[in-house]
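Let's take a stroll through this structure together. Have a look at the sequence and the 3D view, and then we'll start from one spot and work outwards.

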Amino acid sequence: MAYAARLAGLAADIFLPAIANPVKAAMIEAFGARLHKIGHDVDAAKDASRAFGAERGSLFIDDGNDIDVMEGAGTLGLEIARDLARLDAVIVPVGGANLISGVATAVKALHKSARVIGVQAKGAPSLYESFRARRYVERPSDTLADGLAQRVPPKLALEVMIKLADDMMLATDDELLSGVRTMAESAHVLVELAGAAALAGAWQRRAEFRGKTIVLILSGANITMDLLKRALDRDPIIPLAGL
Amino acid sequence: MTHAETDRQPTLGGIEKAMEMIRPYVPETPLLRSEILSRAFGCDLWLKNEGVTPTFSFKLRGAANELLHARARRTLDGIVVSSTGNLGLAVAWLARAIRVPAHIFVSDAVSAEKARLIEIHGGAVHRGGAEYDDAHMAAIAFARDNDLHLVDDGASVEIVEGGGTTALEVARQLADIDYCILPIGGGSHSAGVSFVMKALQPQARVVAVQPDAAPVMVKSFHARQALMIPPRRNVADGLTQGESVPFTLALLWRYLDDAWLVGDEDILAAVHTLLESAHVLTEPSGATGLAGAWTRRRELRGKRVVVILTGANATIEQLKAALATQPFVPLAG
C-alpha cells in the first residue's frame with residue numbers, strides 16, 4: 001500500500017500491530033508512508049485504522065472486504081493459469097483469504113479441473129475453521145508467521161473462499177521454518193514464513209500430488225534475519241539426500 | 001573434438017538473435033530499484049537478478065545460446081564442459097532439455113551441493129583435479145578422446161553473446177544508466193555486457209569486480225597483458241581461477257571501463273545486505289558486484305547504478321557465514 005500510494009502521489013497511513021515485523025515496518029517507512037503501530041494484533045490494528053479513516057474522511061482499505069484488492073491479487077492466478085497449459089493444483093498461503101479468493105477466481109475460470117488449496121498457520125486457524133464449518137469462526141492468533149496471523153475472518157474473502165477453495169490445511173511454525181530452509185537450499189529463493197506455507201502444505205500431501213503439475217505460491221520475502229537464522233539452523237522440510 | 005566458433009567478434013545482431021533463441025528456455029529476469037539500498041549507497045540503485053533463471057544463474061544464457069547454435073550446425077552426441085559449478089548446471093539443464101548427454105568436469109573446490117545439483121539435472125559429474133584449470137584441461141582431453149562437443153567458456157563468441165542478453169534486457173528497460181557493475185570470473189559475461197552497454201548506452205561505465213584472492217582478470221585488465229596468478233581459496237567459488245582468458249580479455253580491453261577487487265568480508269556482507277534489505281538470495285559470487293559498489297560508493301554518489309546479481313546457488317553454510325557478518329547498513333537506519 002505504501003509503495004502503491006507513492007506511485008499514485010497519495011499520502012498513506014499504515015496501521016501495524018504493536019509487535020510488527022521490523023523488516024516490514026522499515027520498508028513501509030522507506031516508501032514514505034506514515035507508520036502507526038497500534039493494537040495487540042492485525043485485527044486490532046485494523047479497527048484502529050478504520051476509526052482513523054472515518055475521523056479524517058480518508059479512504060479506508062479493508063483487505064479482505066475490498067473487491068479491487070481481491071481482483072488485484074487475482075492477477076497472480078491469471079498469470080499462472082495463462083502460463084501453464086496443464087494445471088492440477090495451486091497451493092496458496094492463507095492469512096485473511098484475500099489472496100486465495102482472487103487466485104481461485106482466476107484459476108477456476110481458466111482451468112476448470114484445477115484444485116485450489118489453502119494453507120494456514122496452525123497457531124492462527126480462523127479461516128481454516130471457518131472453511132470447515134462453512135461459516136464465520138473467530139480464533140486466537142499465535143504464530144511466528146506474521147503474514148498469516150489473522151484472528152477475524154473478513155466477510156467477503158470468507159464467502160469467496162468457502163465457495164471456490166477445494167480444501168484448507170494447517171502447517172505448524174516448525175514446518176514453516178523448515179520450509180524457509182528448503183526454499184533457500186533447494187529452490188534458491190528467500191521467503192518469509194508465510195511464503196513457505198504452500199510448500200509445507202504440499203509436502204504433507206505429496207503422495208496425492210505424485211505425477212501432478214502443481215504450483216506453490218510464495219507470497220512474500222520480508223523475513224527478519226533472526227527468523228532466517230532460526231530457519232537455516234533447522235533441518236529442511238525436504239531432505240536433500242533423498243532426491 | 002568439435003569446437004565453438006571463435007573466429008568472429010560479438011555483434012549486436014548476434015546478441016539480438018541470441019535473445020530470440022534462448023527465450024523459450026530463459027525467461028527475462030527482473031530489474032528492480034531498491035529503495036533501501038539506494039538510500040544506503042547514496043545513489044539510484046537497481047538490481048538485475050540473474051538468480052531466478054531455471055538454473056539460478058546467468059550462465060544459462062551463454063550455455064543455451066552456444067548449444068542451440070551448435071545443434072543447428074551438427075548432430076550432438078554428447079557435450080563436455082568444465083565449470084566452477086554454475087556453467088555445469090546450466091549445460092546439464094539445457095542438455096537434458098534438448099536430449100543430449102552432458103559431461104561436467106569440476107574441480108575439488110566445487111561444493112558437494114553444487115555437484116549434486118548438477119547430477120539431479122541429469123549431468124554426469126567428473127572431478128577433474130584440485131583447481132579449476134585442472135578440470136578445464138581434463139575436459140578438453142575427454143572431449144578430444146571421445147569426439148564430443150566441448151563448450152569452452154571464454155573461447156566462444158556465442159557464450160559471450162548469450163551473456164550479453166542480460167545487458168540487452170537492462171538497456172531496453174532502463175534509460176540513462178551511469179554505471180553497470182557485475183562480478184567477473186573468466187570474463188565472458190563482462191565482455192558481453194560491456195559490449196552491449198557500449199552499443200546501446202555508451203555513457204554508462206561498465207565495471208567488473210573480482211575477489212582479491214582470485215584477481216587474475218582484474219589484474220590482467222589493468223596490466224594490459226594476460227597474466228597467470230594462482231588463486232587463494234575464497235568465498236566466491238564461482239569466480240575463482242588462475243589463468244586469464246585471452247579471448248575475453250581482448251574484448252574487455254576494448255569495451256570494459258574499469259575493474260575492481262574486493263575482499264571476502266565485503267562479499268559476505270553484500271550477501272547479508274541483499275537478504276535483509278532487498279529480500280533477495282544470492283551466492284557470494286553473485287553478490288560480488290554489490291560488494292564492489294559498496295567499496296566505491298563515493299564515486300557512485302548521485303548516479304544511476306545497475307548491479308547485476310549473477311547467481312543464487314548458495315549453500316546453507318555460505319548463507320550462515322554471510323549472516324554472521326555485519327551488513328553494510330542496518331535496516332532500521
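## A busy cysteine

Start at B:C180. Leaving out residues up to four places away in sequence, B:C180 touches B:A167, B:V170, B:V193, B:M197, B:A204, B:V206 and B:V306. Touching, or being in contact, means that the C-beta atoms of two residues, placed from the backbone, lie within 7 Å.

B:C180 also belongs to something bigger: the largest nonpolar core has 184 residues, and those with the most contacts inside it are A:V103, A:V180, B:V91 and B:C180. A nonpolar core here is a set of buried Ala, Val, Leu, Ile, Met, Phe, Trp, Tyr and Cys residues joined through C-beta atoms within 7 Å. A residue is buried if 20 or more other C-beta atoms lie within 10 Å of its own, exposed if 12 or fewer, and partly exposed in between, again with C-beta atoms placed from the backbone.

## Where this comes from

This is a predicted model, in which local features need pLDDT of at least 70 and side-chain atom pairs count only at pLDDT 80 or more, while totals for chains, interfaces and linings use all residues. Residues are numbered from 1 along each chain as its sequence is written, and chains are lettered from A and ligands numbered from 1 in the order in which they are written.

## Two helices of chain B

Helices (H or I, at least four residues) and strands (E, at least two) are DSSP runs, numbered from the N terminus. Look at α7(B): 13 of its 17 residues are buried, so α7(B) is largely enclosed by the rest of the structure. There is also a kink of about 30 degrees in α7(B), centred on B:T166; the bend at a residue is the angle between axes fitted to the seven residues ending there and the seven starting there.

Now try α3(B). With 11 of its 15 residues buried, α3(B) is largely enclosed too. Among the buried ones are B:L60, B:A63, B:L67 and B:A70. What covers them? The cover over the buried residues of α3(B) includes α1 (12–22), β3 (79–83), α4 (86–97), β6 (149–151), α7 (157–173) and α8 (188–200) of chain B.

## Over to chain A

Chain A has 11 helices and six strands. Buried residues make up 48% of its 243 residues.

How many residues of chain A are in contact with chain B? There are 17, and they meet 19 residues of chain B. On chain A's side, α2 (22–30), α8 (173–186) and α11 (225–232) each supply at least two residues.
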